[in-house]
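These are my notebook entries on a structure I went through element by element. The sequence and the model come first, and my notes follow.

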Amino acid sequence: MPQQVQGVVAPGRNESVRVETIVIPDPGPGEAVVKIQACGVCHTDLHYKQGGINDDFPFLLGHEAAGVVETVGAGVTDVAPGDFVILNWRAVCGACRACLRGRPQYCFDTHNADQKMTLLDGTELSPALGIGAFAEKTLVAAGQCTKVDPSVAPEVAGLLGCGVMAGIGAAINTGNVGRGDTVAVIGCGGVGDAAVVGSRLAGAAKIIAVDIDDRKLETARGMGATHTVNSRSTDPVEAIRELTGGFGADVVIEAVGRPETYEQAFYARDLAGTVVLVGVPTPDMRLELPLLDVFGRGGALKSSWYGDCLPSRDFPMLIDLHQQGRIDLAAFVTETIGLGDIEKAFARMHEGDVLRSVVVL
């Protein structure tokens, strides 16, 4: 029988979110209902609320989540009721051209649940990134459930569902940071700090954190940055060059998603270096660079979508590293909150003193 649960809905562009009763259908073939235990408040949820993704309101927000599988539909074999899972928004299809070429992390046909969750009056909800986890329970495609060690705290595990995975993956998977490399990370929010962690894990010799907020820079140093640059008072390109013998960094990770900071990243890299864009721009943003500079500087300009991760490979690995004490995922959790506190959490994103607010249910 369909269930009624509480969830956080964004009713329209820039309207305040509200807690509503939502209806969760029984899982159909290939689907699963997951009881949510924790869900991080990600900037992408704010993008949804502001209409920066699309206009398919009302949205059921939340996507950076962990919980326990409650029921599964016909044909589901990879997960079962009782499994502790991290939800992911890259449920690979196994049949597209990327999957068939052995590159499932670039799957072009990731899938979501076929059925819709609704409000009590039958209004269909658009789940954020196909998940909608600011709710007591949610309906997803079973492929969006990745089993991990159940002994890890849900508020820690869920962060791999988006921001922390995006940052670590931007360094390791997309940027291919290697032993002895110099890395600069522009923007030290949750994703940028995760890129610092990933660079340290990969063996980078020098990790330069760049931000306009000294508090964020201090946090980045605690995550593993070896040097910090306040770009409000210092030209970050010149500072990065000075810290790298005049050459620029081997890899520059742009974790803001703005044309100005992307241009800084472009000119702060060494010749034949790599720029990784992991910050999410808005549809109206445009970038202008001299084509001769693009040609003459060589190297690679990459975008990192979800840290180019493969959840079935990367989530369990990172949980294991956390359990071994080699990375501290708990350091990203600034506060735990309830479903009714999400609007306040959005406001705190702009205050510079929070990496992640995490809803705990």
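In what order do the 5 strands of the open sheet stand, and how are they paired? I am working from a predicted model, and in it I read the order as β7-β2-β1-β4-β8, with mixed pairing. I then looked at the edges, where β7 (118-119) and β8 (126-127) each have a single partner strand, so one side of each is left without a neighbour in the sheet.

I next followed one pairing inside this sheet. Strand β1 (residues 3-10) and strand β2 (residues 18-24) run antiparallel and are joined by 7 bridges; as one example I noted Val 5, whose bridge partner in β2 is Ile 22.

Is Thr 118, a residue of strand β7, buried or exposed? I found Thr 118 buried, because its relative accessible area is 16% and the cut-off for buried is under 20%. Setting aside neighbours within four places in sequence, I listed its contacts as Thr 21, Ile 22, Val 23, Thr 123, Glu 124 and Leu 125, so Ile 22, the bridge partner of Val 5, turns up again here.

Which residues touch the most other members of the largest nonpolar core? Among its 83 residues I noted Leu 87, Phe 134, Cys 145 and Ile 253 in that role, and the largest share of this core, 6 residues, comes from helix α4 (residues 163-174). Another core lies apart from it, with 18 residues that include Val 229, Ala 239, Tyr 262 and Phe 266.

I took Ile 253 as a case to follow further. Not counting residues up to four places away in sequence, Ile 253 touches Ala 170, Ala 171, Val 183, Ala 184, Val 185, Ile 186, Ala 195, Ser 199, Val 276 and Val 278. Ala 170 and Ala 171 are also among the buried residues of α4, and as 10 of the 12 residues of that helix are buried, I describe α4 as largely enclosed by the rest of the structure. Just after α4, I noted that Asn 176 takes a positive phi of about 50°.

Helix α1 (residues 43-50) I looked up for comparison, and I found it mostly covered, with 6 of its 8 residues buried. The buried residues are Thr 44, Asp 45, Leu 46, His 47, Tyr 48 and Lys 49, and what covers them includes β1, β3 (31-40), β4 (59-60) and α11 (342-348). Just after α1, Gly 51 takes a positive phi of about 80°.

Where does Gln 144 lie? I placed Gln 144 in the loop between β9 (137-141) and β10 (145-147), and found it buried, with a relative accessible area of 0%. Beyond residues up to four places away in sequence, Gln 144 touches several residues, including Ile 86, Leu 87, Asn 88, Trp 89, His 111, Asn 112 and Ile 131; Leu 87 I had already met in the largest nonpolar core.

My last entry concerns the second largest pocket, which has a volume of about 380 Å³. Of its 20 lining residues, Asp 78, Ala 142, Gly 143, Cys 145 and Ser 312 lie nearest its centre, and β10 and α10 (311-323) are the elements that give two or more residues to the lining. By class I recorded 9 nonpolar, 8 polar and 3 charged residues in this lining.

Terms used:
Residues numbered from 1 in each chain as written. Predicted model: local features only at pLDDT ≥ 70, side-chain atom pairs only at ≥ 80, totals over all residues. Heavy atoms only, no water. Pairing = 2+ DSSP bridges. Helix = DSSP H or I, 4+ residues; strand = E, 2+ residues; numbered from the N terminus. Core = buried A, V, L, I, M, F, W, Y, C linked by side-chain atoms within 4.5 Å. Buried < 20%, exposed > 50% of the residue type's maximum accessible area, 1.4 Å probe, protein only. Contact = heavy atoms within 4.5 Å. 1 Å grid on protein atoms, 1.4 Å probe; cavity = no way out; pocket = protein on both sides within 12 Å on 5 of 7 lines; lining within 4 Å. Points joined across faces, edges and corners; volume = space filled by probe spheres on them. Nonpolar A, V, L, I, M, F, W, Y, C, P; charged D, E, K, R; others polar.
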